[in-house]
Amino acid sequence: MPFTHDALIIGQGLAGTVLSETLASRGLSVMVFDARQVGSASHVAAGVVNPIVLRRTLPSWRASEMLAVAGAYYRELELDQEADYWKPLPFVEIFPTAQEAAIWQLRMRDAEHKHMLSSAPVSDASLEKLPQPYGYGVVLRCAWLNLQAMMADHRERLIASGALEERIILESDIIRKADGIEVLGRSAPLLVHCGGPFNTVPGLVPVRGEGLTVRLPGLGMNCMVHRGAFIVPMGDDVYRVGSTFAWDDVWSGPTDEGKRHLLDRLHRLWSGPIEVLDHWAGVRPASKDRRPIMGRTGPHEAVLSGFGARGGLLAPWCAAHLADHLLNGKPLDPEVDVQRFA
Ligand SMILES: Cc1cc2nc3c(=O)[nH]c(=O)nc-3n(C[C@H](O)[C@H](O)[C@H](O)COP(=O)(O)OP(=O)(O)OC[C@H]3O[C@@H](n4cnc5c(N)ncnc54)[C@H](O)[C@@H]3O)c2cc1C
């Protein structure tokens with residue numbers, strides 16, 4: 001059958017954005033279908049890019065490799081689009097106990113982790129306004145990613161070139177043929193599902209997250225801080241505070257319980273006035289084994305999902321890896337292959 005496009009994509013969250021951009025940069029003509037839905041993760045994500053699992057003071061999965069690919073990808077995109085999406089920012093972990101402080105010191109001596117952890121003071125006088133009886137450590141190479149601006153710009157470009165249709169695609173809209181797929185009159189030899197938590201994908205675990213946008217007059221902080229919750233500066237003493245994790249009733253947010261939890265964490269850090277400007281919730285597409293999920297799900301279909309709480313860090317490597325597999329036949333890393341859940 002003569003195809004209208006090389007690839008169709010359902011979903012333009014972070015996964016669909018980075019994948020469609022990656023495929024287009026490799027010369028493919030891509031058509032994206034997306035309609036914003038309540039619960040979409042990328043529309044509420046705080047944009048923290050942090051390679052350390054703070055609970056364990058250990059690097060996240062393949063952190064160095066993911067960081068290198070992510071940094072290069074977002075910077076290249078910025079140059080290409082003359083935009084600012086990627087802002088390197090210190091990430092300060094305020095130790096809740098002396099034991100946490102000791103573990104940090106221990107990890108800093110470990111050759112494998114020392115390039116990501118530091119105990120050098122951060123030059124931000126506002127940190128003195130936050131209680132820190134056991135001191136703090138700094139995660140190196142962190143950044144704040146303005147992923148909502150990045151997605152909005154990408155969407156505008158897709159719409160301008162007729163490559164995005166704002167529609168919810170129903171299962172009955174997907175026509176599977178012997179040599180390809182047709183969706184609403186568009187056809188291609190390949191359809192990639194990037195529907196995040198809205199997709200039914202083997203191994204996918206939806207996890208609700210909530211956050212607050214607050215004004216903290218007088219704090220004047222320019223770095224990202226974490227203690228029980230993170231605080232990300234947005235300018236003019238406005239901060240994003242997050243996030244909660246809930247595995248039940250994932251579509252029920254934002255909840256009073258989530259707000260109480262976050263305000264409680266914030267009160268432990270900041271004794272000044274707090275003005276809540278917004279309360280948001282979304283559903284993370286996480287996975288059973290905390291690895292991304294990608295690969296072929298049918299003769300002409302594939303999936304890209306499972307970014308969990310680290311979409312900003314994982315998306316560029318995952319999109320490139322999936323593109324290498326689908327276009328060049330490069331074997332998928334078994335750790336991320338959707339077939340591991342078959
Ligand atoms: C509260 C919260 C805070 C977070 N903070 C961070 C953070 O600081 N740093 C970080 O890296 N990550 C963070 N994350 C995680 C991050 O948001 C996700 O990993 C990532 O955004 C997932 O992107 P996605 O494209 O897979 O899914 P989504 O963002 O959910 O996108 C899926 C898109 O597909 C569309 N779609 C689905 N089905 C259809 C259909 N049938 N037809 C048309 N459109 C469809 C949806 O409407 C949506 O637009 C956070 C998540 C939450 C919930």
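This is a friendly tutorial dialogue on reading a predicted model.

Me: Where should I start, and which domains does the assignment give for the protein chain?

Reply: Start with the broad division. The domain assignment lists domain 1 (7–45 + 147–203 + 289–341), domain 2 (48–145) and domain 3 (205–287). Between the C-alpha centres of domain 1 and domain 2 there are 29 Å. Their contact involves 13 residues from domain 1 and 14 residues from domain 2.

Me: Which helices supply at least two residues each to the side of domain 1 that touches domain 2?

Reply: Helix H4 (147–160) and H6 do. H6 provides the largest share of that side, six residues. By character, the residues on this side of domain 1 are eight nonpolar, one polar and four charged.

Me: Now the ligand. How many residues surround the ligand, and which are the closest?

Reply: The ligand is surrounded by 44 residues, the closest being Gly11, Gly13, Gly196, Gly209 and Gly311. The shell divides into 20 nonpolar, 19 polar and five charged residues. Elements that each give at least two residues to the shell include helix H1 (14–25), strand S16 (204–215) and helix H6 (311–328).

Me: Between which domains does the ligand lie, and why?

Reply: The ligand lies between domain 1 and domain 3, because both give residues to the shell around it.

Me: How do I read a nonpolar core?

Reply: The general idea is that nonpolar side chains in soluble globular proteins tend to be buried together. In this model the largest nonpolar core has 92 residues, and those with the most contacts inside it are Ile9, Leu19, Val192, Met224, Leu304 and Leu322. H6 gives the most to this core, nine residues.

Me: Which residues are in contact with isoleucine 9, leaving aside its neighbours within four places in sequence?

Reply: Isoleucine 9 is then in contact with Gly16, Leu19, Ser20, Val30, Val32, Val192 and Cys194.

Me: Is valine 183 buried or exposed?

Reply: Count the C-beta atoms around it; the cut-off for buried is 20 or more others within 10 Å. Valine 183 has 22, so it is buried. This valine sits in strand S13 (residues 181–183). Valine 183 and phenylalanine 33 are 150 residues apart in sequence, yet their C-alpha atoms are 9.1 Å apart in space. With neighbours within four places in sequence left aside, the contacts of valine 183 include Leu8, Phe33 and Leu191.

Me: And what about proline 90: where is its place?

Reply: Proline 90 is in the loop between strand S6 (86–88) and S7. It has 19 other C-beta atoms within 10 Å and so counts as partly exposed. Not counting residues up to four places away in sequence, proline 90 touches Val122, Val138, Cys142 and Cys223.

Me: How do I read a sheet?

Reply: Strands of a sheet pair through backbone hydrogen bonds, either parallel or antiparallel. Here an open sheet of eight strands runs in the order S8-S9-S7-S17-S18-S19-S16-S20, with mixed pairing. Strand S8 (117–118) and S20 are its edge strands, each pairing on one side only.

Me: Which strands does S19 pair with, and how do they run?

Reply: Five bridges join S16 to S19, and this pair runs antiparallel. On that side, glycine 211 has glycine 242 in S19 as its bridge partner. Another five bridges link strand S18 (residues 229–235) to S19, again antiparallel, and valine 232 stands opposite arginine 240. Strand S19 (residues 238–242) is largely enclosed by the rest of the structure, because four of its five residues are buried.

Me: What joins S18 and S19 in their hairpin?

Reply: There are two residues between them, and aspartate 236 in the turn has a positive phi of about 55°.

Me: How should I treat backbone angles that stand out?

Reply: Most residues other than glycine have a negative phi, and most peptide bonds are trans. In this model, arginine 62 has a positive phi near 50° and lies in the loop between strand S5 (58–59) and helix H2 (63–81). Arginine 141 also has a positive phi, about 65°, and is placed in the loop between S9 and strand S10 (143–145).

Me: Which peptide bonds are cis?

Reply: One is the bond from glycine 242 to serine 243, with omega near -20°. Another joins glycine 253 and proline 254, where omega is about -5°. Both serine 243 and proline 254 lie in the loop between S19 and helix H5 (256–269).

Terms used: Residues are numbered from 1 along each chain as its sequence is written. This is a predicted model: local features need pLDDT of at least 70, side-chain atom pairs count only at pLDDT 80 or more; totals for chains, interfaces and linings use all residues. A residue is near a molecule or strand if its C-beta atom, placed from the backbone, lies within 6 Å of it. Ala, Val, Leu, Ile, Met, Phe, Trp, Tyr, Cys and Pro count as nonpolar, Asp, Glu, Lys and Arg as charged, and the others, Gly among them, as polar. Domain bounds come from an automatic or database domain assignment. A nonpolar core is a set of buried Ala, Val, Leu, Ile, Met, Phe, Trp, Tyr and Cys residues joined through C-beta atoms within 7 Å. A residue is buried if 20 or more other C-beta atoms lie within 10 Å of its own, exposed if 12 or fewer, and partly exposed in between; C-beta atoms are placed from the backbone. Two residues are in contact if their C-beta atoms, placed from the backbone, lie within 7 Å. Two strands pair if DSSP finds at least two bridges between them.
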